[in-house]
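Subject: Structure handover and notes

Dear colleague,

I am passing on the structure that we discussed, and I would be glad if you could open it alongside this message. My notes come after it.

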Amino acid sequence: MAGNGIWRTKSVERSIADTDEPGTRLRRNLSAWDLTVFGITVMVGAGIFTLTARTAGDLAGPSVAVAFVLAGIACGLAALCYAEFASTVPVAGSAYTFSYATFGEFLAWIIGWDLVLEFSVAAAAVSKGWSVYLEELLTSIFGMNVATTIEIGGISADWGSLLLVVTLAVLLTLGTKLSSRFSMVVTAIKVLIILFVIALGIAYITPDNYTPFIPPAAEGEDAGGGIEQSLFSLLAGGSGSVYGGFGLLAGASLVFFAFLGFDIVATTAEETRNPQRDVPRGILGSLAIVTVLYVATSLVIAGMVPYNELSTAAEPEGRKTLATAFTHHGVDWAAHIVSIGAVVGLITVVMVLLLGQQRVLFAMSRDGLLPRGLAKTGQRGTPVRVNVLVTVVVGVAATFFDASQLEEMVNVGTLFAFMLVSAGVMMMRKKRPELPRGFRVPWVPVIPILAIGVCLWLMLNLTVLTWLRFVLWMALGVVIYFVYGRRRSVLARESKEASTDSAG
(Lines give C-alpha, C1' and ligand atoms only; values in the text may rest on other atoms or scores of the structure.)
Protein backbone atom coordinates (compact mmCIF):
# COMPACT_ATOMS: atom_id res chain seq x y z
CA MET A 1 0.00 0.00 0.00
CA ALA A 2 1.27 3.47 -0.92
CA GLY A 3 -0.01 6.85 0.20
CA ASN A 4 -2.47 7.74 2.90
CA GLY A 5 -6.16 8.49 3.13
CA ILE A 6 -8.20 8.75 -0.03
CA TRP A 7 -5.09 8.70 -2.24
CA ARG A 8 -3.71 5.38 -1.02
CA THR A 9 -2.97 3.02 -3.91
CA LYS A 10 -3.20 -0.73 -4.20
CA SER A 11 -0.06 -2.14 -5.80
CA VAL A 12 -0.18 -4.25 -8.94
CA GLU A 13 1.40 -7.13 -7.05
CA ARG A 14 -1.23 -6.91 -4.33
CA SER A 15 -4.06 -6.85 -6.86
CA ILE A 16 -2.69 -9.93 -8.62
CA ALA A 17 -2.09 -11.75 -5.31
CA ASP A 18 -5.72 -11.14 -4.29
CA THR A 19 -6.89 -13.19 -7.27
CA ASP A 20 -5.75 -16.33 -5.42
CA GLU A 21 -7.51 -15.47 -2.16
CA PRO A 22 -9.53 -18.49 -0.98
CA GLY A 23 -13.26 -17.96 -1.23
CA THR A 24 -13.06 -15.18 -3.82
CA ARG A 25 -11.13 -16.97 -6.56
CA LEU A 26 -12.47 -16.88 -10.11
CA ARG A 27 -11.96 -19.77 -12.51
CA ARG A 28 -9.41 -19.19 -15.29
CA ASN A 29 -10.80 -20.85 -18.40
CA LEU A 30 -11.21 -18.18 -21.10
CA SER A 31 -9.14 -17.88 -24.29
CA ALA A 32 -8.49 -15.02 -26.72
CA TRP A 33 -11.30 -16.38 -28.90
CA ASP A 34 -13.70 -16.34 -25.95
CA LEU A 35 -12.81 -12.70 -25.23
CA THR A 36 -13.21 -11.68 -28.86
CA VAL A 37 -16.65 -13.29 -28.86
CA PHE A 38 -17.59 -11.41 -25.68
CA GLY A 39 -16.52 -8.12 -27.27
CA ILE A 40 -18.40 -8.72 -30.52
CA THR A 41 -21.38 -10.07 -28.57
CA VAL A 42 -22.01 -6.86 -26.68
CA MET A 43 -21.04 -4.43 -29.44
CA VAL A 44 -23.01 -6.04 -32.26
CA GLY A 45 -26.38 -5.42 -30.74
CA ALA A 46 -28.05 -2.37 -29.27
CA GLY A 47 -26.08 0.16 -31.27
CA ILE A 48 -26.32 -1.33 -34.71
CA PHE A 49 -29.94 -2.44 -34.36
CA THR A 50 -31.39 0.68 -32.72
CA LEU A 51 -28.99 3.62 -33.06
CA THR A 52 -27.95 3.61 -36.72
CA ALA A 53 -31.24 4.68 -38.31
CA ARG A 54 -32.27 6.98 -35.46
CA THR A 55 -28.94 8.86 -35.39
CA ALA A 56 -29.11 9.40 -39.15
CA GLY A 57 -32.66 10.76 -38.92
CA ASP A 58 -32.30 12.87 -35.78
CA LEU A 59 -28.75 14.19 -35.77
CA ALA A 60 -26.25 13.42 -38.51
CA GLY A 61 -28.10 12.57 -41.73
CA PRO A 62 -26.10 10.44 -44.21
CA SER A 63 -22.89 11.43 -42.39
CA VAL A 64 -23.83 8.93 -39.67
CA ALA A 65 -21.12 6.72 -41.20
CA VAL A 66 -18.55 9.43 -40.36
CA ALA A 67 -20.00 9.59 -36.85
CA PHE A 68 -19.28 5.88 -36.43
CA VAL A 69 -15.74 6.38 -37.74
CA LEU A 70 -15.10 9.20 -35.24
CA ALA A 71 -16.48 7.14 -32.36
CA GLY A 72 -14.44 4.15 -33.55
CA ILE A 73 -11.24 6.20 -33.57
CA ALA A 74 -11.87 7.32 -30.00
CA CYS A 75 -12.49 3.73 -28.94
CA GLY A 76 -9.45 2.49 -30.85
CA LEU A 77 -7.12 4.91 -29.09
CA ALA A 78 -8.61 4.05 -25.69
CA ALA A 79 -8.52 0.33 -26.54
CA LEU A 80 -4.75 0.45 -26.95
CA CYS A 81 -4.46 1.87 -23.43
CA TYR A 82 -6.92 -0.70 -22.05
CA ALA A 83 -4.91 -3.49 -23.70
CA GLU A 84 -1.68 -2.43 -21.99
CA PHE A 85 -3.32 -2.06 -18.59
CA ALA A 86 -5.24 -5.34 -18.85
CA SER A 87 -2.07 -7.24 -19.84
CA THR A 88 -0.17 -5.65 -16.94
CA VAL A 89 -2.88 -5.93 -14.27
CA PRO A 90 -4.93 -9.04 -15.22
CA VAL A 91 -7.48 -8.57 -12.45
CA ALA A 92 -11.28 -8.26 -12.47
CA GLY A 93 -12.62 -4.71 -12.36
CA SER A 94 -11.25 -3.14 -15.54
CA ALA A 95 -10.81 0.65 -15.22
CA TYR A 96 -11.61 0.48 -11.50
CA THR A 97 -8.67 -1.83 -10.78
CA PHE A 98 -6.34 0.11 -13.07
CA SER A 99 -7.21 3.38 -11.33
CA TYR A 100 -6.62 1.85 -7.88
CA ALA A 101 -3.05 1.08 -8.89
CA THR A 102 -2.34 4.54 -10.30
CA PHE A 103 -4.60 7.31 -9.00
CA GLY A 104 -5.52 5.99 -5.57
CA GLU A 105 -8.58 4.75 -3.75
CA PHE A 106 -10.87 7.75 -4.15
CA LEU A 107 -10.61 8.01 -7.94
CA ALA A 108 -10.79 4.21 -8.16
CA TRP A 109 -14.11 4.37 -6.31
CA ILE A 110 -15.33 7.15 -8.60
CA ILE A 111 -14.49 5.06 -11.66
CA GLY A 112 -16.10 1.97 -10.13
CA TRP A 113 -19.24 3.97 -9.34
CA ASP A 114 -19.09 5.28 -12.88
CA LEU A 115 -18.92 1.74 -14.30
CA VAL A 116 -21.88 0.70 -12.14
CA LEU A 117 -23.85 3.42 -13.91
CA GLU A 118 -22.57 2.38 -17.34
CA PHE A 119 -23.34 -1.31 -17.12
CA SER A 120 -26.56 -1.16 -15.09
CA VAL A 121 -28.27 1.51 -17.14
CA ALA A 122 -27.08 0.00 -20.41
CA ALA A 123 -28.31 -3.48 -19.42
CA ALA A 124 -31.71 -2.09 -18.38
CA ALA A 125 -32.07 0.00 -21.52
CA VAL A 126 -31.14 -2.84 -23.87
CA SER A 127 -33.45 -5.22 -21.98
CA LYS A 128 -36.37 -2.88 -22.61
CA GLY A 129 -35.39 -2.64 -26.26
CA TRP A 130 -35.37 -6.43 -26.47
CA SER A 131 -38.84 -6.55 -24.93
CA VAL A 132 -40.14 -4.13 -27.60
CA TYR A 133 -38.66 -6.25 -30.39
CA LEU A 134 -40.14 -9.38 -28.81
CA GLU A 135 -43.62 -7.88 -28.77
CA GLU A 136 -43.27 -6.77 -32.42
CA LEU A 137 -42.02 -10.21 -33.39
CA LEU A 138 -44.90 -12.02 -31.68
CA THR A 139 -47.41 -9.68 -33.33
CA SER A 140 -46.05 -9.37 -36.87
CA ILE A 141 -44.81 -12.91 -37.46
CA PHE A 142 -46.80 -15.18 -35.16
CA GLY A 143 -49.98 -13.12 -35.06
CA MET A 144 -50.09 -13.25 -31.27
CA ASN A 145 -51.61 -10.22 -29.58
CA VAL A 146 -49.36 -10.42 -26.55
CA ALA A 147 -48.13 -7.27 -24.81
CA THR A 148 -44.83 -7.48 -22.93
CA THR A 149 -45.98 -4.77 -20.52
CA ILE A 150 -48.83 -4.98 -18.03
CA GLU A 151 -50.43 -2.54 -15.62
CA ILE A 152 -50.01 -3.29 -11.90
CA GLY A 153 -51.73 -0.84 -9.60
CA GLY A 154 -51.44 1.92 -12.19
CA ILE A 155 -47.74 1.20 -12.75
CA SER A 156 -46.49 -0.14 -16.07
CA ALA A 157 -44.41 -3.30 -15.59
CA ASP A 158 -42.31 -4.75 -18.41
CA TRP A 159 -42.35 -8.49 -17.80
CA GLY A 160 -40.46 -9.18 -21.02
CA SER A 161 -37.32 -7.36 -19.92
CA LEU A 162 -37.53 -8.86 -16.42
CA LEU A 163 -37.75 -12.36 -17.88
CA LEU A 164 -34.63 -11.72 -19.95
CA VAL A 165 -32.58 -10.33 -17.03
CA VAL A 166 -33.46 -13.19 -14.67
CA THR A 167 -32.80 -15.90 -17.28
CA LEU A 168 -29.40 -14.47 -18.19
CA ALA A 169 -28.45 -14.04 -14.53
CA VAL A 170 -29.06 -17.76 -13.98
CA LEU A 171 -26.92 -18.58 -17.01
CA LEU A 172 -24.07 -16.41 -15.74
CA THR A 173 -24.27 -18.04 -12.31
CA LEU A 174 -23.74 -21.44 -13.94
CA GLY A 175 -20.36 -20.28 -15.24
CA THR A 176 -18.64 -17.77 -17.53
CA LYS A 177 -17.38 -20.47 -19.90
CA LEU A 178 -20.92 -21.74 -20.48
CA SER A 179 -21.97 -18.15 -21.10
CA SER A 180 -19.17 -17.79 -23.63
CA ARG A 181 -20.29 -20.86 -25.59
CA PHE A 182 -23.87 -19.63 -25.65
CA SER A 183 -22.61 -16.21 -26.81
CA MET A 184 -20.59 -17.78 -29.61
CA VAL A 185 -23.65 -19.40 -31.16
CA VAL A 186 -25.87 -16.33 -30.84
CA THR A 187 -23.13 -13.96 -32.01
CA ALA A 188 -22.64 -16.01 -35.17
CA ILE A 189 -26.38 -15.71 -35.89
CA LYS A 190 -26.57 -11.95 -35.49
CA VAL A 191 -23.37 -11.29 -37.45
CA LEU A 192 -24.94 -13.25 -40.31
CA ILE A 193 -28.06 -11.07 -39.95
CA ILE A 194 -25.95 -7.92 -40.22
CA LEU A 195 -24.15 -9.27 -43.29
CA PHE A 196 -27.60 -10.06 -44.74
CA VAL A 197 -28.69 -6.43 -44.13
CA ILE A 198 -25.60 -5.13 -45.92
CA ALA A 199 -25.82 -7.53 -48.86
CA LEU A 200 -29.57 -7.10 -49.50
CA GLY A 201 -29.66 -3.41 -48.64
CA ILE A 202 -27.13 -2.51 -51.35
CA ALA A 203 -29.78 -3.36 -53.98
CA TYR A 204 -32.10 -0.67 -52.57
CA ILE A 205 -29.58 2.18 -52.32
CA THR A 206 -30.49 5.43 -54.08
CA PRO A 207 -27.38 7.64 -54.54
CA ASP A 208 -29.48 10.81 -54.18
CA ASN A 209 -30.14 9.87 -50.54
CA TYR A 210 -26.50 10.71 -49.75
CA THR A 211 -27.08 14.36 -50.70
CA PRO A 212 -26.54 16.51 -48.74
CA PHE A 213 -24.09 14.27 -46.91
CA ILE A 214 -24.03 16.68 -43.95
CA PRO A 215 -27.51 18.28 -43.88
CA PRO A 216 -27.74 22.00 -43.09
CA ALA A 217 -28.26 22.76 -39.41
CA ALA A 218 -31.88 22.76 -38.28
CA GLU A 219 -33.34 26.05 -37.14
CA GLY A 220 -35.99 27.21 -34.70
CA GLU A 221 -37.81 24.61 -32.62
CA ASP A 222 -36.35 21.80 -34.75
CA ALA A 223 -32.79 22.71 -33.71
CA GLY A 224 -33.12 21.08 -30.29
CA GLY A 225 -31.74 23.96 -28.25
CA GLY A 226 -31.41 24.56 -24.50
CA ILE A 227 -30.48 21.66 -22.26
CA GLU A 228 -31.27 19.25 -25.10
CA GLN A 229 -28.41 20.55 -27.28
CA SER A 230 -24.81 19.45 -26.95
CA LEU A 231 -22.63 21.23 -24.40
CA PHE A 232 -20.14 22.15 -27.13
CA SER A 233 -22.90 23.67 -29.28
CA LEU A 234 -24.08 25.70 -26.28
CA LEU A 235 -20.56 26.92 -25.44
CA ALA A 236 -19.88 27.77 -29.09
CA GLY A 237 -23.06 29.81 -29.38
CA GLY A 238 -24.92 27.37 -31.61
CA SER A 239 -28.71 27.31 -31.72
CA GLY A 240 -28.84 23.53 -31.44
CA SER A 241 -27.18 20.27 -32.42
CA VAL A 242 -29.55 18.80 -35.01
CA TYR A 243 -27.78 18.33 -38.37
CA GLY A 244 -24.88 20.43 -39.56
CA GLY A 245 -21.43 20.17 -37.98
CA PHE A 246 -22.79 20.17 -34.43
CA GLY A 247 -25.20 17.38 -35.38
CA LEU A 248 -22.41 15.24 -36.81
CA LEU A 249 -20.34 15.62 -33.64
CA ALA A 250 -23.39 14.97 -31.43
CA GLY A 251 -24.10 11.88 -33.54
CA ALA A 252 -20.56 10.59 -32.93
CA SER A 253 -21.05 11.04 -29.20
CA LEU A 254 -24.36 9.14 -29.33
CA VAL A 255 -23.27 6.20 -31.51
CA PHE A 256 -20.33 5.77 -29.14
CA PHE A 257 -22.91 3.76 -27.16
CA ALA A 258 -22.68 1.13 -29.88
CA PHE A 259 -19.01 0.48 -29.08
CA LEU A 260 -19.54 -0.28 -25.41
CA GLY A 261 -18.10 -3.73 -24.97
CA PHE A 262 -14.37 -3.86 -25.48
CA ASP A 263 -13.88 -2.48 -21.96
CA ILE A 264 -16.00 -5.37 -20.70
CA VAL A 265 -13.39 -7.72 -22.18
CA ALA A 266 -10.91 -6.18 -19.73
CA THR A 267 -13.19 -7.05 -16.79
CA THR A 268 -12.72 -10.77 -17.55
CA ALA A 269 -8.89 -10.63 -17.45
CA GLU A 270 -8.81 -12.53 -14.16
CA GLU A 271 -10.71 -15.43 -15.74
CA THR A 272 -8.37 -15.70 -18.76
CA ARG A 273 -5.80 -18.47 -19.08
CA ASN A 274 -3.11 -16.22 -20.61
CA PRO A 275 -4.26 -12.63 -19.96
CA GLN A 276 -1.01 -10.95 -21.05
CA ARG A 277 -1.47 -12.33 -24.55
CA ASP A 278 -5.19 -13.00 -24.90
CA VAL A 279 -6.78 -9.85 -23.41
CA PRO A 280 -5.15 -7.41 -25.89
CA ARG A 281 -6.10 -9.73 -28.76
CA GLY A 282 -9.69 -9.94 -27.57
CA ILE A 283 -10.02 -6.17 -27.12
CA LEU A 284 -8.44 -5.05 -30.39
CA GLY A 285 -9.84 -7.92 -32.46
CA SER A 286 -13.46 -7.39 -31.45
CA LEU A 287 -13.21 -3.60 -31.91
CA ALA A 288 -11.77 -3.91 -35.42
CA ILE A 289 -14.48 -6.34 -36.56
CA VAL A 290 -17.44 -4.32 -35.30
CA THR A 291 -16.12 -1.01 -36.64
CA VAL A 292 -16.13 -2.41 -40.17
CA LEU A 293 -19.66 -3.79 -39.69
CA TYR A 294 -20.96 -0.48 -38.29
CA VAL A 295 -19.60 1.72 -41.05
CA ALA A 296 -20.85 -0.62 -43.80
CA THR A 297 -24.31 -0.90 -42.23
CA SER A 298 -24.70 2.85 -41.70
CA LEU A 299 -23.72 3.57 -45.31
CA VAL A 300 -26.30 1.07 -46.57
CA ILE A 301 -29.15 2.35 -44.36
CA ALA A 302 -28.44 5.99 -45.19
CA GLY A 303 -28.54 5.10 -48.87
CA MET A 304 -31.80 3.15 -48.61
CA VAL A 305 -33.97 5.83 -47.00
CA PRO A 306 -33.88 9.67 -47.10
CA TYR A 307 -32.52 10.81 -43.76
CA ASN A 308 -35.54 13.01 -42.99
CA GLU A 309 -37.79 9.93 -43.18
CA LEU A 310 -35.70 8.28 -40.48
CA SER A 311 -36.32 11.13 -38.07
CA THR A 312 -38.31 10.37 -34.94
CA ALA A 313 -39.37 14.01 -34.51
CA ALA A 314 -42.75 13.39 -36.13
CA GLU A 315 -43.22 10.22 -34.09
CA PRO A 316 -42.07 10.91 -30.52
CA GLU A 317 -43.11 7.46 -29.38
CA GLY A 318 -41.52 5.66 -32.31
CA ARG A 319 -37.96 4.41 -32.65
CA LYS A 320 -36.44 3.87 -36.07
CA THR A 321 -34.46 0.66 -36.47
CA LEU A 322 -32.72 -1.31 -39.21
CA ALA A 323 -36.04 -2.98 -39.98
CA THR A 324 -37.49 0.44 -40.82
CA ALA A 325 -35.33 0.68 -43.95
CA PHE A 326 -36.73 -2.55 -45.39
CA THR A 327 -40.30 -1.71 -44.38
CA HIS A 328 -39.86 1.56 -46.30
CA HIS A 329 -39.26 -0.47 -49.47
CA GLY A 330 -42.08 -2.93 -48.76
CA VAL A 331 -39.67 -5.80 -48.13
CA ASP A 332 -41.48 -6.99 -45.02
CA TRP A 333 -39.94 -10.45 -45.04
CA ALA A 334 -36.49 -8.89 -44.70
CA ALA A 335 -37.75 -6.63 -41.92
CA HIS A 336 -38.97 -9.74 -40.09
CA ILE A 337 -35.53 -11.33 -40.41
CA VAL A 338 -33.93 -8.19 -38.99
CA SER A 339 -36.40 -8.23 -36.08
CA ILE A 340 -35.52 -11.86 -35.36
CA GLY A 341 -31.83 -10.92 -35.46
CA ALA A 342 -32.48 -8.11 -32.98
CA VAL A 343 -34.35 -10.38 -30.56
CA VAL A 344 -31.54 -12.93 -30.73
CA GLY A 345 -28.73 -10.38 -30.75
CA LEU A 346 -29.87 -8.23 -27.85
CA ILE A 347 -29.99 -11.29 -25.60
CA THR A 348 -26.23 -11.62 -25.61
CA VAL A 349 -25.72 -7.85 -25.33
CA VAL A 350 -27.58 -7.83 -22.02
CA MET A 351 -25.72 -10.94 -20.86
CA VAL A 352 -22.28 -9.42 -21.34
CA LEU A 353 -23.37 -6.11 -19.80
CA LEU A 354 -24.52 -8.04 -16.74
CA LEU A 355 -21.20 -9.89 -16.69
CA GLY A 356 -19.27 -6.62 -16.72
CA GLN A 357 -21.43 -5.17 -13.95
CA GLN A 358 -20.95 -8.23 -11.79
CA ARG A 359 -17.16 -8.25 -12.16
CA VAL A 360 -16.82 -4.56 -11.27
CA LEU A 361 -18.94 -4.94 -8.13
CA PHE A 362 -17.00 -8.13 -7.31
CA ALA A 363 -13.68 -6.26 -7.43
CA MET A 364 -15.00 -3.34 -5.36
CA SER A 365 -16.43 -5.73 -2.75
CA ARG A 366 -13.19 -7.69 -2.52
CA ASP A 367 -11.40 -4.41 -1.75
CA GLY A 368 -13.91 -3.59 0.98
CA LEU A 369 -15.32 -0.47 -0.68
CA LEU A 370 -18.60 -2.38 -0.68
CA PRO A 371 -19.49 -5.17 1.79
CA ARG A 372 -16.87 -7.92 1.39
CA GLY A 373 -19.50 -10.64 1.72
CA LEU A 374 -20.61 -9.84 -1.81
CA ALA A 375 -17.27 -11.10 -3.15
CA LYS A 376 -17.80 -14.70 -2.03
CA THR A 377 -17.76 -17.13 -4.95
CA GLY A 378 -19.82 -20.31 -5.22
CA GLN A 379 -18.82 -23.85 -6.14
CA ARG A 380 -18.75 -22.96 -9.83
CA GLY A 381 -16.30 -20.11 -9.25
CA THR A 382 -18.80 -17.32 -9.90
CA PRO A 383 -19.75 -14.48 -7.50
CA VAL A 384 -23.29 -15.65 -6.72
CA ARG A 385 -24.15 -12.90 -4.23
CA VAL A 386 -23.06 -10.16 -6.62
CA ASN A 387 -25.07 -11.86 -9.35
CA VAL A 388 -28.20 -11.73 -7.19
CA LEU A 389 -27.68 -8.05 -6.34
CA VAL A 390 -27.14 -7.08 -9.99
CA THR A 391 -30.17 -9.11 -11.06
CA VAL A 392 -32.40 -7.31 -8.55
CA VAL A 393 -31.14 -3.80 -9.41
CA VAL A 394 -31.16 -4.22 -13.20
CA GLY A 395 -34.39 -6.22 -13.10
CA VAL A 396 -36.23 -3.49 -11.19
CA ALA A 397 -34.86 -0.76 -13.47
CA ALA A 398 -35.75 -2.68 -16.62
CA THR A 399 -39.23 -3.56 -15.36
CA PHE A 400 -40.44 -0.28 -13.93
CA PHE A 401 -38.32 2.54 -15.34
CA ASP A 402 -37.96 4.10 -18.78
CA ALA A 403 -34.27 3.57 -19.51
CA SER A 404 -34.40 4.55 -23.18
CA GLN A 405 -33.41 8.16 -22.46
CA LEU A 406 -30.24 7.24 -20.58
CA GLU A 407 -27.99 6.12 -23.44
CA GLU A 408 -26.11 9.40 -23.36
CA MET A 409 -25.69 9.13 -19.60
CA VAL A 410 -23.99 5.79 -20.16
CA ASN A 411 -21.69 7.41 -22.72
CA VAL A 412 -20.51 10.28 -20.54
CA GLY A 413 -19.50 7.91 -17.76
CA THR A 414 -17.69 5.55 -20.11
CA LEU A 415 -15.77 8.33 -21.82
CA PHE A 416 -14.67 9.63 -18.42
CA ALA A 417 -13.37 6.15 -17.54
CA PHE A 418 -11.51 5.95 -20.86
CA MET A 419 -9.77 9.25 -20.12
CA LEU A 420 -8.52 8.05 -16.74
CA VAL A 421 -7.28 4.73 -18.14
CA SER A 422 -5.37 6.58 -20.88
CA ALA A 423 -3.79 8.91 -18.32
CA GLY A 424 -3.02 5.91 -16.11
CA VAL A 425 -0.89 4.30 -18.82
CA MET A 426 1.41 7.32 -18.83
CA MET A 427 1.58 7.39 -15.02
CA MET A 428 2.30 3.66 -14.75
CA ARG A 429 5.07 3.89 -17.35
CA LYS A 430 6.81 6.46 -15.10
CA LYS A 431 6.01 4.89 -11.71
CA ARG A 432 6.56 1.21 -12.61
CA PRO A 433 8.60 0.95 -15.83
CA GLU A 434 9.90 -2.49 -14.78
CA LEU A 435 6.50 -4.21 -14.77
CA PRO A 436 6.09 -6.96 -17.40
CA ARG A 437 3.68 -5.82 -20.09
CA GLY A 438 2.19 -8.33 -22.48
CA PHE A 439 1.19 -5.41 -24.72
CA ARG A 440 2.69 -1.93 -24.93
CA VAL A 441 0.94 1.14 -26.34
CA PRO A 442 3.06 2.55 -29.17
CA TRP A 443 4.19 6.20 -29.23
CA VAL A 444 3.61 7.00 -25.59
CA PRO A 445 2.67 9.69 -24.57
CA VAL A 446 1.22 10.69 -27.97
CA ILE A 447 -1.42 7.93 -28.19
CA PRO A 448 -2.73 8.32 -24.60
CA ILE A 449 -2.89 12.12 -24.98
CA LEU A 450 -4.81 11.75 -28.24
CA ALA A 451 -7.18 9.28 -26.54
CA ILE A 452 -7.83 11.74 -23.71
CA GLY A 453 -8.42 14.60 -26.14
CA VAL A 454 -10.82 12.69 -28.38
CA CYS A 455 -12.82 11.30 -25.44
CA LEU A 456 -13.11 14.77 -23.89
CA TRP A 457 -14.26 16.11 -27.26
CA LEU A 458 -17.01 13.49 -27.46
CA MET A 459 -18.07 14.24 -23.90
CA LEU A 460 -18.48 17.93 -24.75
CA ASN A 461 -20.83 16.94 -27.57
CA LEU A 462 -23.28 15.24 -25.22
CA THR A 463 -26.31 17.19 -24.06
CA VAL A 464 -26.33 19.62 -21.16
CA LEU A 465 -29.03 17.51 -19.47
CA THR A 466 -26.75 14.48 -19.65
CA TRP A 467 -23.99 16.41 -17.89
CA LEU A 468 -26.38 17.49 -15.13
CA ARG A 469 -27.49 13.89 -14.52
CA PHE A 470 -23.88 12.70 -14.54
CA VAL A 471 -22.82 15.29 -11.95
CA LEU A 472 -25.68 14.27 -9.65
CA TRP A 473 -24.78 10.56 -9.94
CA MET A 474 -21.12 11.30 -9.17
CA ALA A 475 -22.12 13.44 -6.18
CA LEU A 476 -24.11 10.51 -4.78
CA GLY A 477 -21.06 8.28 -5.25
CA VAL A 478 -18.83 10.70 -3.35
CA VAL A 479 -21.25 10.68 -0.41
CA ILE A 480 -21.33 6.86 -0.29
CA TYR A 481 -17.53 6.66 -0.38
CA PHE A 482 -17.00 9.03 2.53
CA VAL A 483 -19.81 7.49 4.57
CA TYR A 484 -18.80 3.84 4.00
CA GLY A 485 -15.88 2.99 1.72
CA ARG A 486 -13.26 5.37 3.10
CA ARG A 487 -13.39 3.70 6.53
CA ARG A 488 -14.32 0.14 5.56
CA SER A 489 -11.93 -0.57 2.69
CA VAL A 490 -9.29 -3.28 3.14
CA LEU A 491 -6.48 -0.73 2.80
CA ALA A 492 -8.13 1.55 5.38
CA ARG A 493 -8.37 -1.29 7.89
CA GLU A 494 -4.77 -2.31 7.30
CA SER A 495 -3.62 1.28 7.74
CA LYS A 496 -5.54 1.53 11.00
CA GLU A 497 -4.07 -1.75 12.27
CA ALA A 498 -0.58 -0.61 11.32
CA SER A 499 -1.09 2.64 13.23
CA THR A 500 -2.35 0.74 16.28
CA ASP A 501 0.62 -1.64 16.22
CA SER A 502 3.13 1.20 15.91
CA ALA A 503 1.44 3.09 18.74
CA GLY A 504 1.61 -0.01 20.90
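The notes below go through the backbone, the cysteines, some helices and two contacts.

This is a predicted model, in which local features need pLDDT of at least 70 and side-chain atom pairs count only at pLDDT 80 or more, while totals for chains, interfaces and linings use all residues. Residues are numbered from 1 along each chain as its sequence is written, and side-chain values use heavy atoms, with hydrogens and water left out.

Backbone

Most residues other than glycine have a negative phi, and most peptide bonds are trans. Against that background, a cis peptide bond joins threonine 211 and proline 212, with omega at about -5°, and proline 212 sits in the loop that runs between helix H8 (176–201) and helix H9 (231–235). Helices here are DSSP runs of H or I with at least four residues, numbered from the N terminus. A cis bond also links valine 444 to proline 445, with omega at about 15°, and proline 445 belongs to the loop between helix H16 (407–431) and helix H17 (446–460).

In that loop between H16 and H17 you will also find tryptophan 443, which has a positive phi of about 55° although it is not a glycine. Tryptophan 443 is exposed, its relative accessible area being 65%; buried means under 20% relative accessible area, exposed over 50%, and partly exposed in between, with a 1.4 Å probe and protein chains only. Tyrosine 243, in the loop between H9 and helix H10 (244–255), likewise is not a glycine yet has a positive phi, of about 65°, but tyrosine 243 is buried, at 13% relative accessibility.

Cysteines

Why does the structure hold 0 disulfides, as far as cysteine 75 is concerned? A disulfide is a covalent bond between the sulfur atoms of two cysteines, and it is counted here when a pair of cysteine sulfur atoms lies within 2.5 Å. The cysteine sulfur closest to that of cysteine 75 belongs to cysteine 455 and is 7.3 Å away, which is too far for a bond. Cysteine 455 is in no disulfide either, its nearest cysteine sulfur being that of cysteine 75. Both residues are buried, cysteine 75 at 1% relative accessibility and cysteine 455 at 0%.

Helices H7 and H15

Helix H15 (residues 384–400) has 17 residues and reaches 24 Å from its first C-alpha to its last, close to the 24 Å expected at 1.5 Å a residue, where the expected span is 1.5 Å times one less than the number of residues. Among the buried residues of H15 are Val386, Val390, Val394 and Ala398. Seen down the axis of H15, the buried residues fall within an arc of 165°, so they line one face of the helix; the arc is that of the directions from the helix axis to the C-beta atoms.

H7 has 16 residues and reaches 23 Å between its first and last C-alpha, close to the 22 Å expected. Its buried residues include Leu164, Leu168, Leu171 and Leu172, and, viewed down the axis of H7, the buried residues fall within an arc of 165°, so they too line one face.

How do these two helices lie with respect to each other? The axes of helix H7 (residues 159–174) and H15 come within 9 Å and cross at roughly 170°, the axes being lines fitted to C-alpha atoms over the stretch in contact and the angles running from 0 to 180 degrees between N-to-C directions. H7 and H15 are therefore roughly antiparallel, a term used for angles over 145 degrees.

Helix H5

In helix H5 (residues 95–102), 8 of the 8 residues are buried, so this helix is largely enclosed by the rest of the structure. Tyr96, Phe98 and Tyr100 are among those buried residues, and H5 is followed by glycine 104, which has a positive phi near 105°.

Two contacts across the sequence

Glycine 61 lies in the loop between helix H3 (46–60) and helix H4 (64–88) and is buried, at 0% relative accessibility. The C-alpha atoms of glycine 61 and proline 215 are separated by 6.1 Å, although these residues are 154 residues apart along the chain. Tyrosine 484, in helix H18 (residues 464–488), is partly exposed at 22% relative accessibility; from proline 371 it is 113 residues away in sequence and 9.3 Å away in space, C-alpha to C-alpha.

With best wishes

Notes:
Parallel < 35°, antiparallel > 145°, perpendicular 65-115°, else oblique.
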